[in-house]
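Welcome to a quick briefing for the bench. Have the sequence and the 3D view at hand, and we will go through the ligand site, a surface patch and some salt bridges.

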Amino acid sequence: MKIVGLTGGIGSGKTTVAKMFMELGVPVFFADIEAKKLMKSSKVIRRKLIQLFGNKAYIDDELNRPFIASKIFNDEALLEKMNGIIHPKVVKRFQRWAAKQIMPYLISEVAILFENDSYKNYDYIITVVAKEEDRIKRLLERDDTTEEKIRAIMRNQWPDEDKIRLSDYVIVNNDLQITTEQVKRIHKKLLRRAKTS
Ligand code: ATP
């Protein structure tokens, strides 16, 4: 079974594309959602995050996202420590989930893949790209956020051209119909590659 990483910058359409693959019967693991769930449910993670960030890390049962975001913003060492707490647990969950799948390939949708070197763990990588102004417009429609906040996150992510260089497939997500066609084409290729290698 081959493991495919599906990534892309903020608002590029990763989740939209992941759902298109699911429609074709491909199992998809949503790594960022799993990480969020674990930060809420795992006592070990909670204890370690409180050790790292202090008592303000959680409010009641919920992770204090704005507080943590303000701490890790522009502090790479702290971000790395936080990832070091969460990432291994997500990997474990992924492995347990992957062991139950029977398709020739499966997908893990993950926002940060190149930035932390984890791209080396995948057999193939798909990167979703879209025009910056479209991404900003879509995110402003979807979330309670500002253009400034979106641009700040974009600055912390790798530029598309660097991601493309290390990707096996690139999906240009402008028109949804055309995106679906690209997904179907890549699905066929991945099935073929997964069965023959
Ligand atoms: P994030 O980085 O926040 O996880 P993402 O990369 O997973 O986002 P999506 O959530 O799939 O991106 O898409 C962002 C928003 O844009 C969603 O509201 C989605 O419905 C919309 N969207 C995605 N692709 C298109 C498209 N081709 N045309 C119009 N709207 C789109």
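Is E147 buried, partly exposed or exposed? E147 is partly exposed, at 38% relative accessibility. Please keep in mind that this is a predicted model. Here is the rest, topic by topic.

**Around the ligand**

- The ligand is surrounded by 13 residues, and K14, T16, R142, N173 and N174 are the closest.
- Sorted by class, this shell holds eight polar, three charged and two nonpolar residues.
- The side chain of T15 places an N or O atom 2.8 Å from an oxygen atom of the ligand.
- N174 takes part through its backbone, where a polar atom is 2.8 Å from a nitrogen atom of the ligand.
- R138 uses a polar side-chain atom, which lies 3.5 Å from a ligand nitrogen atom.
- On its own the ligand would expose 630 Å², and the protein buries 73% of that.
- Two elements, α1 (14-23) and α6 (132-142), each give two or more residues to the shell, and α1 has the largest share with three residues.

**A nonpolar patch on the surface**

- I164, V170 and V172 make a nonpolar surface patch of about 190 Å².
- I164 belongs to helix α8, residues 160-165, and is partly exposed at 37% relative accessible area.

**Salt bridges**

- The count of salt bridges comes to nine.
- One of them joins E62 and K40, with N to O at 2.6 Å. This pair links distant parts of the chain, 22 residues apart: E62 sits in strand β4 (residues 62-63) and K40 in helix α2 (residues 31-41).
- Both ends of that bridge are partly exposed, with a relative accessible area of 43% for E62 and 40% for K40.
- Another pairs K163 with E115, whose closest N and O atoms are 4.0 Å apart. Here too distant parts of the chain are linked, since K163 is in helix α8 and E115 is in the loop between β5 (105-109) and β6 (124-129), 48 residues apart.
- The two partners contrast in exposure: K163 is buried at 0% relative accessible area, whereas E115 is partly exposed at 24%.
- Back to E147, which forms a salt bridge with R151; their closest N and O atoms are 3.0 Å apart.
- R151 and E147 are separated by about one helical turn because they are four residues apart in helix α7 (residues 147-156).
- R151 is partly exposed, with a relative accessible area of 31%.
- Finally, E34, K37 and R93 are joined into one network by salt bridges that share partners.

How values were computed: Residues numbered from 1 in each chain as written. Predicted model: local features only at pLDDT ≥ 70, side-chain atom pairs only at ≥ 80, totals over all residues. Heavy atoms only, no water. Near = heavy atom within 4 Å. Polar contact = N/O pair within 3.5 Å; in protein donor to acceptor, adjacent residues only side chain to side chain. Areas by Shrake-Rupley, 256 points an atom, 1.4 Å probe, with all protein chains shown as cover. Nonpolar A, V, L, I, M, F, W, Y, C, P; charged D, E, K, R; others polar. Patch = residues over 30% accessible without salt bridge, like charges linked within 9 Å, V, L, I, M, F, W, Y side chains within 5 Å. Salt bridge = Lys/Arg side-chain N within 4 Å of Asp/Glu carboxyl O. Buried < 20%, exposed > 50% of the residue type's maximum accessible area, 1.4 Å probe, protein only.
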